[in-house]
Amino acid sequence: MSNIGSYTDRLKDFDWSLAEKELGYRAGEPINIGWYCSDRICQMGLADKKALIWEDFHGASKTYTFDDLRVLSNTIAASLQELGLKPGERICLFMDRVPELYIGFLGILKMGGIAQPLFSAFGEDSLLTRLDNAKTAAIFTQRKHVAKVRKILAQLPEMRHIIVVDPDGPPLREREVGFRLDQAKRVEQFTVHPTTAETPSVLHYTSGTTGQPKGAQHVHYSLISQYLTAKWVLDLQPNDLYWCNADPGWVTGTSYGIIGPWSNGITQVVLDSGFNTERWYSLIQKHRVTVWYSAPTAIRLLMREGTVVARRFDLSSLRHLCSVGEPLNAEAVLWSREAYGLQFHDSYWQTETGSIVITNVPEMPIKPGSMGKPFPGIEATIVDPKTFEPIDQPARVGLIALRPGWPAMFRTYWNNRATYESKFKNGWYISGDRASLDSDGYFWFVGRDDDVINTGGHLVGPFEIESALLEHPAVAESAAVGKPDHVNMEVVKAFVALKPGFEPNGDLELEIMNFIRKKLSPLAMPQEIEFVKSLPKTRSGKIMRRVLRAQEWGEPIGDISTLEDD
Ligand code: PRX
């Protein structure tokens, strides 16, 4: 029996207070995600239960109980206080998937700080933009990433501490401090900062079409939705062994790679390594993983290897599979039935929504290719892109719109209220995604309504890439668009016009690709560069990415004279 039971029964009289009651939270009282994920689970008699089983690619392993989470997050919180860090300050986590990342996240929240996770593959420019925007006061990092921080430190006057979690080796430099979790004095008792529902908790940066990435600011009350969606969508039950593929540099890795499972007192396994079919299957086999939250790109990679590889492993422990981040194509659902005897349940949400909003819950019949229906308590519809009125006609494409007010919804974009407000129209939060509804109330994803590139489930902003391209001495102007890709759905393609004196050739193409990889990240690196004489522009000189994108996708360009000129 699944946790949610009947979806239709759950819709009746649904109220988020149900989750508040289960968590023992009363309005107006303190609520701290760090405490809920560790101390509370210990108080429920689960102190000795395993919380985290960590492994790296080669099989090195560490295990932490919920009591370890409690004590070690206290230890980190106390160390941050000793460094003089104050509640409300932004503290960045810039690490691979090491235990310090997960436990550090809880520690920051416990002392009242705002956790700012950033993907460890980010290069110096990606890092600088986000740390500068948030005026971040401290950053946790590893030796292998510290060079990137050192390079930009002069431009970050607010950054007071660089906390290196594996400090052995050459002497640390200015503003750097070593911190070894396994050698730090264990802090048994810590007074958790009395954060309340609307106290900021997590700042996740996400890319839009224009301008630099924006920090979606979440609050401690997000726990209410994250706890309940983890329980009802991921169907986490006491004896489960849960595995989430997402890196906490992105929202799935925090909402459902930390907060969801641990606030439910669930044991999870973390693999600190990228995709590798055999490594992944052997992890499932070894730990007897029961619930798996993955993503379409990974599923497509597994499909490529075929069911033969899957059959070489004992994957019989799996009982529930979910997916997020990109359209889950019908073939992937059908294939998972064949390979694992189970179907992937799609879930749709965004950095801004903080928690799953549209999904297939366990008891719901899956229509392969559809994202499912709104989670109870979420009012979702499809609106007309011009009037923002709900479209009543089944199958007509419009924008996914959500009625604001669920607990995990972002509260603003950091230091950018105007853009936040621009997301609301006619009483709806406009997601920026196009979809249609069928007569049974299922949502069918069509595509994004903007120029943001979704590569392997990660959003990359064209503006950030174009700005970085312009820093290359050979580049006069550029446009970055998504081009179709069998595995990653989209990859970045850049159109580049060169400055006089530079000739297009293969070496220059490689040089520019690497330039972007180092400055931004491997995700943002163009997989192809097309050298052009000039780029299509509006009368006012704005580059028309849409024309280039249509060309890549083999779609009609349409009437470009109607393209807005702003
Ligand atoms: O375009 C949608 C796509 O990913 C975007 C959100 O990306 P991000 O904020 O990075 O958060 C990712 C993880 C929640 C959405 O606007 N997306 C997410 N889930 C799906 C999806 N597209 C299709 N189907 C999904 N299930």
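## A tour from Ile-114 to the sheet

Begin by selecting Ile-114, which counts as buried because its relative accessibility is 2%, where buried means under 20% relative accessible area, exposed means over 50%, and partly exposed lies in between, with a 1.4 Å probe and protein chains only. The model on screen is predicted, so local features are described only at pLDDT of at least 70 and side-chain atom pairs only at pLDDT 80 or more, whereas totals for chains, interfaces and linings use all residues. Residues are numbered from 1 along each chain as its sequence is written, and side-chain values use heavy atoms, with hydrogens and water left out.

**Stop 1: around Ile-114**

Ile-114 belongs to strand 4 (residues 114-117); helices (H or I, at least four residues) and strands (E, at least two) are DSSP runs, numbered from the N terminus. Display its contacts, meaning heavy atoms within 4.5 Å, and, leaving aside neighbours within four places in sequence, you will find Gly-88, Glu-89, Arg-90, Ile-91, Ile-108, Pro-200, Ser-201, Val-202, Leu-203 and Trp-414. For a distance to display in the viewer, take Ile-114 and Thr-136, which are 22 residues apart in sequence and 9.4 Å apart from C-alpha to C-alpha.

**Stop 2: helices 7 and 8**

Next, select helix 7 (residues 124-134) and helix 8 (residues 143-152), whose axes are 9 Å apart and which pack at an angle of about 60°; axes here are lines fitted to C-alpha atoms, for helices over the stretch in contact, and angles run from 0 to 180 degrees between N-to-C directions. This angle makes helix 7 oblique to helix 8, given that angles under 35 degrees count as roughly parallel, over 145 as roughly antiparallel, 65 to 115 as roughly perpendicular, and the rest as oblique. Glu-124, Leu-127, Leu-128 and Leu-131 of helix 7 meet Lys-148, Val-149, Lys-151 and Ile-152 of helix 8. By class, this contact of helix 7 with helix 8 has five nonpolar, no polar and three charged residues, with Ala, Val, Leu, Ile, Met, Phe, Trp, Tyr, Cys and Pro counted as nonpolar, Asp, Glu, Lys and Arg as charged, and the others, Gly among them, as polar.

Keep helix 8 selected and colour its buried residues, which are Arg-143, His-145, Val-146, Lys-148, Val-149 and Ile-152. These buried residues pack against strand 3, helix 7, strand 5 (138-141), strand 6 (161-164) and strand 7 (176-178).

**Stop 3: Arg-97 and helix 6**

Now move to Arg-97, in the loop between strand 3 (90-94) and helix 6, a residue that is buried with a relative accessible area of 14%. Not counting residues up to four places away in sequence, Arg-97 touches Trp-54, Tyr-102, Asn-245, Ala-246, Asp-247, Pro-248, Val-270, Leu-271, Asp-272 and Ser-273.

Then add helix 6 (residues 99-110) and helix 10, whose axes come within 11 Å and cross at roughly 70°, which makes helix 6 roughly perpendicular to helix 10. On the helix 6 side the contact is made by Tyr-102, Phe-105 and Leu-106, and on the helix 10 side by Thr-254, Gly-257, Ile-258, Ile-259 and Trp-262. By class, the contact of helix 6 with helix 10 has six nonpolar, two polar and no charged residues.

**Stop 4: the sheet**

Show the strands as ribbons to follow an open sheet of nine strands in the order 2-1-11-10-12-13-14-15-16, with mixed pairing; two strands pair if DSSP finds at least two bridges between them. Strand 2 (61-65) and strand 16 (373-374) stand at the edges, and each has a single partner strand, so one side of each is left without a neighbour in the sheet. Helix 10 (residues 251-263) packs on this sheet, where it touches strand 1 (50-56), strand 10 (241-244), strand 11, strand 12 (291-294) and strand 13, its direction making about 165° with that of strand 10.

Strand 1 is mostly covered, with six of its seven residues buried. Strand 1 pairs with strand 2 in the antiparallel sense over five bridges, one residue pair to pick out being Leu-52 and its bridge partner in strand 2, Tyr-64. These two strands form a hairpin with four residues between them, and Gly-59 in the turn has a positive phi of about 105°. Strand 1 also runs parallel to strand 11, joined by five bridges, and Asp-56 has Asp-272 as its bridge partner in strand 11.

**Last stop: Gln-268**

Finish in strand 11 (residues 267-272) with Gln-268, which counts as buried at 1% relative accessibility. Leaving aside neighbours within four places in sequence, Gln-268 is in contact with Ala-51, Leu-52, Ile-53, Tyr-242, Gly-257, Ile-258, Pro-261 and Trp-262.
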